[in-house]
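Below is a short report on one protein chain, written for reading beside the sequence and the model. It covers charge pairing, aromatic rings, the nonpolar interior and the surface.

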Amino acid sequence: IEPYLSLYYKSVMDLDGSRIGWLSAIFSFMTFLSAPLWGILTDRIPNCEFVVVYCCFFCSLLAQLSVSSSSILQHQNNNWSMPIAVCITAIFRSPMRPLIDSMVLSNLKANTKKTSSYGRLRLFATMGFGFGSYLVG
C-alpha cells in the first residue's frame, strides 16, 4: 500500500505536492524514531507473533478510520488530522516487516538446515507483490 499512498493522496484527497511530500516525510521520520523502540519491546517479549498481530490490527483500524474520516475532516479545513493519522500509522507499521522477516528466518532455521530457501521465499513474495499490483492496478 505504501507505494500507492501518494497516488491516493493526489487522486482521492486532492492534496498538492508539498502536502504529499510532508506526509511522506512524516511517515518516514516517525518510522525512523519508533523502530528502535519496537526493537527494545520485542527483545523483551519472547513471542513476537503477538506484536505483529497487534500492530497489524492497529494499522488496519487506523487506516480504516483515517480513510473514512478524511473526507469529513478535509471539508472542515482540519490541517492536523492527516499528519496525526500518518504519525500513528507509521508508529504501528514500522515493526511489521522486520518482525515478519525475523519470524520467517527462525521458522526456516527450525524446519530446515538450509538458509538459502529464504532468498527463494523473498523472490516469490516480491514477484507476488508485483503480479498482485499489476492485477489490481
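How many salt bridges does the structure hold? The count is 1, where a salt bridge is a side-chain nitrogen of Lys or Arg within 4 Å of a carboxyl oxygen of Asp or Glu. This is a predicted model, in which local features need pLDDT of at least 70 and side-chain atom pairs count only at pLDDT 80 or more, while totals for chains, interfaces and linings use all residues. Residues are numbered from 1 along each chain as its sequence is written, and side-chain values use heavy atoms, with hydrogens and water left out.

**Salt bridge**

Arg 122 and Asp 101 form the bridge through their side chains, at 3.6 Å from N to O. The two residues are 21 residues apart and connect distant parts of the chain, with Arg 122 in helix 6 and Asp 101 in helix 5. Helices here are DSSP runs (H or I, at least four residues), numbered from the N terminus. Arg 122 is partly exposed because its relative accessibility is 36%; buried means under 20% relative accessible area, exposed over 50%, and partly exposed in between (1.4 Å probe, protein chains only).

**Aromatic rings**

Rings of Phe, Tyr and Trp (its six-membered ring) pair if their centres lie within 6.5 Å; planes under 30 degrees apart count as stacked, over 60 as edge-to-face and the rest as tilted. By this rule there are 7 aromatic pairs, including the two in the table.

| Pair | Type | Centre to centre | Angle between planes |
|---|---|---|---|
| Phe 57 and Phe 58 | edge-to-face | 5.3 Å | 75 degrees |
| Phe 58 and Phe 92 | stacked | 5.2 Å | 20 degrees |

The stacked pair links distant parts of the chain, since Phe 58 lies in helix 3 and Phe 92 in helix 4 (residues 81-93), 34 residues apart. Phe 92 is buried, at 15% relative accessibility, whereas Phe 58 is partly exposed, at 25% relative accessible area. Both residues belong to one aromatic cluster, together with Trp 38, Phe 50, Tyr 54 and Phe 57.

**Nonpolar interior**

A nonpolar core is a set of buried Ala, Val, Leu, Ile, Met, Phe, Trp, Tyr and Cys residues joined through side-chain atoms within 4.5 Å. The largest one has 11 residues, among them Trp 38, Cys 55, Phe 92 and Leu 99. Helix 3 and helix 5 (96-111) are the elements that give two or more residues to this core, and helix 3 supplies the largest share, 6 residues. A second, separate core has 10 residues, including Met 13, Leu 23, Val 86 and Ala 90.

Contact means heavy atoms within 4.5 Å. Leu 99 touches Thr 42, Cys 48, Val 51 and Val 52, leaving out residues up to four places away in sequence. Ser 34 lies in helix 2 (residues 17-44). Why is Ser 34 classed as buried? Its relative accessible area is 6%. Beyond its neighbours within four places in sequence, Ser 34 is in contact with Ala 90, Ile 91 and Ser 94.

**Toward the surface**

Leu 61 is placed in helix 3 (residues 48-75) and is partly exposed, at 36% relative accessible area. The C-alpha atoms of Leu 61 and Thr 89 are 9.3 Å apart, with their positions 28 residues apart along the chain. Tyr 134 is in helix 6 (residues 117-136) and counts as exposed, at 68% relative accessibility.
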